[in-house]
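Please look over the structure shown here. The questions below ask why certain terms apply to it.

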Amino acid sequence: MPPLLDGFLAIIRRDLLLAWKRPGDILNPLFFFAMVASLFPLAVGPSPEQLVLNGPGVVWVAALLATLLSLNSLFLSDFEDGSLDQIILSPQPLPLLGLGKAAVHWFLSGLPLVLVSPLIAMTYRMPGEVVGIMMLTLALGTVSLSLLGSIGAALTVGLNRGNALLSLLILPLAMPVLIFGARTVSLAAAGDAVSAGIYFLAAYCMLALTLAPFATAAALKISNE
Amino acid sequence: MWNFLHKMASPPHFYGLSAKMIPWLYAAGVVAVIYGTVAGLFIAPVDEEMNDGFRIIYVHVPAAYISMMAYMVMAVAAGIGLIWRMKLAHAVAAGAAPLGAWFTFLALITGSIWGRPMWGTWWEWGDPRLTSELLLLFLYFGYMALRAAIDDTAKADKASAVLALVGAVNVPIIHFSVEWWTSLHQGPTIIKEGGPGIHPDMLYPLLGMILGFTLLFGALLLARVRTEVLHRESRARWVHKLLMPAGEPG
């Protein structure tokens, strides 16, 4: 059997290459993120006090929705062209391969969100030091969302109605991340201590990193029987 | 012990045994609920702050308790089914989900009715218990939607079992995070926990109701699992014998 990390790295290389050939897949969730964030001032009103108050929540809700949007295709093309069967059959440990896919998903959807978020934050009049905290919470939170979402994507992969179903499965599970992420940014904006929320997000991220790949692997095997 | 478990896991044996258990569970449950209702409505003293409004706890608290217990039953049964490949356990998980969702719904409705005179609003986002019950309801919805979306029963069993276990890990985290969230913009919770000792005349009917709800939940669950088993085993010989004793061709 080849060394443990070979399959993991091969998956990462392959998925990055695939994404490179189709850059639209990365950009769409980003546009979606920006559009959802711009819906709120248009719907609720542009008064500065409201923007400052709602900014953290809006950025987080938009990030959550954008992540869900991109999760749907996580295993879809592999399932359609049959390479998912090969991945499952390979002698490499499946949890590690699933982790590789989740890692690429985060790199291509989570990380761009984190990098674009300051632009949104600026339009919501968020002060500079709060923007840093927001990016930190988003970075930790989107890792958890990618991992949680990979379980949901694995469970719904062969199903016709996968899209809406995935959101239904993942949204309630993602609530702690949303609560802690958005509240921590609000606390930072109010000048309060933020370490508790950041510790929680980091702890949740670690928990997801350790447990989620095994659930994803089990789900992939079940969906592909 | 193992022998007993093995016997229980066999669908025909379960079908026979549960038929004998259900009437007893119903009878005991109805007795406990009648005691709880009568004692709760007429014997328990009036609460100082909430007047007669507090009496809704005799429905609300047991429903909320069952809503969480049903999720536990579902997750444990799903885990047993996934690990030991016991089909009956999957049937139990499938039966527990809709029941749990209904009890969650009941807890939400009664909580909301209670909140109207107490808080002056039907819904209070600031109350952690109400909010986590709502998220629990969403978890049940997700579980049932996944089950409904997969046509193959064996596959639906296993996929939903994974979801139930992931959910079981998350339920305490969700509850904790909702509590943390509400503790920020509101001091102590509006409901006082237990207070300085609840009067025995108030407590015993409540315990009676909880016991009664649990027994009725058990009876309803067994009844659901029975139909579920019949449906799943519809090709088995014992089902044919049972439903068509004259030996007509199935």
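**Contacts, core and helices**

Q: What makes B:Val162 a residue in contact with A:Leu155?
A: Leaving aside neighbours within four places in sequence, B:Val162 is in contact with A:Leu155, A:Ala215, A:Ala218, A:Ala219 and A:Ile222. Two residues are in contact if their C-beta atoms, placed from the backbone, lie within 7 Å, so the term applies to each of these pairs.

This is a predicted model, in which local features need pLDDT of at least 70 and side-chain atom pairs count only at pLDDT 80 or more, while totals for chains, interfaces and linings use all residues. Residues are numbered from 1 along each chain as its sequence is written, and chains are lettered from A and ligands numbered from 1 in the order in which they are written.

Q: Why is the set that includes B:Val162 called a nonpolar core?
A: A nonpolar core is a set of buried Ala, Val, Leu, Ile, Met, Phe, Trp, Tyr and Cys residues joined through C-beta atoms within 7 Å; buried means 20 or more other C-beta atoms within 10 Å of a residue's own. The largest such core has 132 residues, and B:Val162 is among those with the most contacts inside it, as are A:Ala219 and B:Met74. The helix α8(A) gives the most to this core, 15 residues.

Q: How many residues does each chain bring to the contact?
A: Chain A brings 22 residues and chain B 24. On the side of chain A, α8(A) has the largest share, 11 residues.

Q: What makes chain B a chain of helices and no strands?
A: Helices are DSSP runs of H or I with at least four residues, and strands are runs of E with at least two. Chain B comes to 8 helices and 0 strands.

Methods:
Buried ≥ 20, exposed ≤ 12 C-beta atoms within 10 Å, placed from the backbone.
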